[in-house]
Amino acid sequence: MKTTAAQFPYPWQRCKIIHLVRHGQAMHNVEGDKDRNALLSPHLFDAQLSPLGLQQVCKLRKEVHARGLFKRIELVVTSPLYSADEGNTDNFSAKPGGLDCPQIMAVELCRDRLGVRPCDMRRKVSECEALFPSIDFSMMDGEDDSMWNPDIREPEEEIAARMVLFMNWLWTRPEQEIVIVSHGIILQQILKVLGNDCHQAVSSALCQRPMAVESMLCSSRDVAKQPHVLREEVSN
């Protein structure tokens, strides 16, 4: 879908372009497809990308540069989990042709659904910083993961409330063109917060197809009523 600037009801100064990216296939996705009970395994703690996930990252990196997105992106906001951070390091911290890299910031609010499953638990901040030195982890809520509860799975209504807080924070950022790298259920909730009439079809793609990219032009005023899909770019 495409929306021209003339069709959009707000001036550019009051808008942001938001690119939603789901992380590549991770090992918990592979094991969970075989047996959902495998997601309870401690061996899948903060799961890394699968070989296919690494291929998806490589493909997306080529598309990001081919489409000129790297030149325009001002900020990358990422989940602090390994599956998201690994792709960000490859896709947005390289410097082709001497281009400056956008800031990459890990934010707890856009991490995956909390609780019960070890694959959704994050590492210590010091370990994250050692693994991904190009990512800013200064916004983490402490060294250890205090948000993850081994006994309680986060209800969807709490995820939705968390995404409202996240989007309210995002609007305080001065950057206009921003990438959000997160997880399927989180991106679905972001689209619901934005009130996009197309969110059901788009969120289905984001949930089912790793490394999908949905780009949206949104205004901070009446955002729940008037967001427009600017373009859709999906990578298998």
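The legends below describe close-up views of a predicted model.

**View 1. The largest nonpolar core and the elements that build it.** This core has 22 residues, and those touching the most other members are Val77, Phe166, Met167, Leu170, Ile180 and Ile190. Two or more residues each come from β1 (15-22), β2 (75-78), α6 (156-171), β4 (177-182) and α7 (184-194). Helix α6 gives the largest share, seven residues. In soluble globular proteins, nonpolar side chains tend to be buried together.

**View 2. Surroundings of Ile190.** Apart from neighbours within four places in sequence, Ile190 contacts Leu20, Met163, Phe166, Met167 and Ile180. A second core, separate from that of Ile190, has 20 residues, among them Phe92, Cys128, Phe132 and Val179.

**View 3. Helix α7 and the residue that follows it.** Eight of the eleven residues of α7 are buried, so the helix is mostly covered. The buried residues are Gly184, Ile185, Ile186, Leu187, Gln189, Ile190, Leu191 and Leu194. Gly195, just after α7, has a positive phi of about 75°.

**View 4. The two sides of helix α1.** Within α1 (residues 27-34), the buried residues include His28, Asn29 and Gly32. These three lie on the same side of α1 because they cover an arc of only 100° around the axis. An α-helix has 3.6 residues a turn, so residues three or four places apart point the same way. Strand β1 is one of the elements covering the buried residues of α1. Asp33 and Lys34 are exposed and sit on the face of α1 turned away from its buried side.

**View 5. Cys58 and Cys128.** Cys58 has a relative accessible area of 27% and is therefore partly exposed, since this value falls between the cut-offs of 20% and 50%. Cys128, at 2%, is under the 20% cut-off and so counts as buried. Zero disulfides are found in a search of the whole structure.

**View 6. Confidence along the protein chain.** The chain has a mean pLDDT of 78, with 73% of its residues at 70 or more. Helix α5 (residues 125-131) has the highest confidence, a mean of 95, and strand β6 (residues 228-234) the lowest, a mean of 33. Residues 1-12 have pLDDT below 50, and this stretch makes 29 contacts in the model beyond near neighbours in sequence. Residues 201-213 also stay under 50, and the model gives them 50 contacts beyond four places in sequence. Where pLDDT is low, the predicted coordinates should not be read in detail.

Conventions: Residues are numbered from 1 along each chain as its sequence is written. This is a predicted model: local features need pLDDT of at least 70, side-chain atom pairs count only at pLDDT 80 or more; totals for chains, interfaces and linings use all residues. Side-chain values use heavy atoms; hydrogens and water are left out. A nonpolar core is a set of buried Ala, Val, Leu, Ile, Met, Phe, Trp, Tyr and Cys residues joined through side-chain atoms within 4.5 Å. Buried means under 20% relative accessible area, exposed over 50%, partly exposed in between (1.4 Å probe, protein chains only). Helices (H or I, at least four residues) and strands (E, at least two) are DSSP runs, numbered from the N terminus. Contact means heavy atoms within 4.5 Å. A disulfide is a pair of cysteine sulfur atoms within 2.5 Å. The arc is that of the directions from the helix axis to the C-beta atoms. pLDDT is the predictor's confidence in each residue, from 0 to 100.
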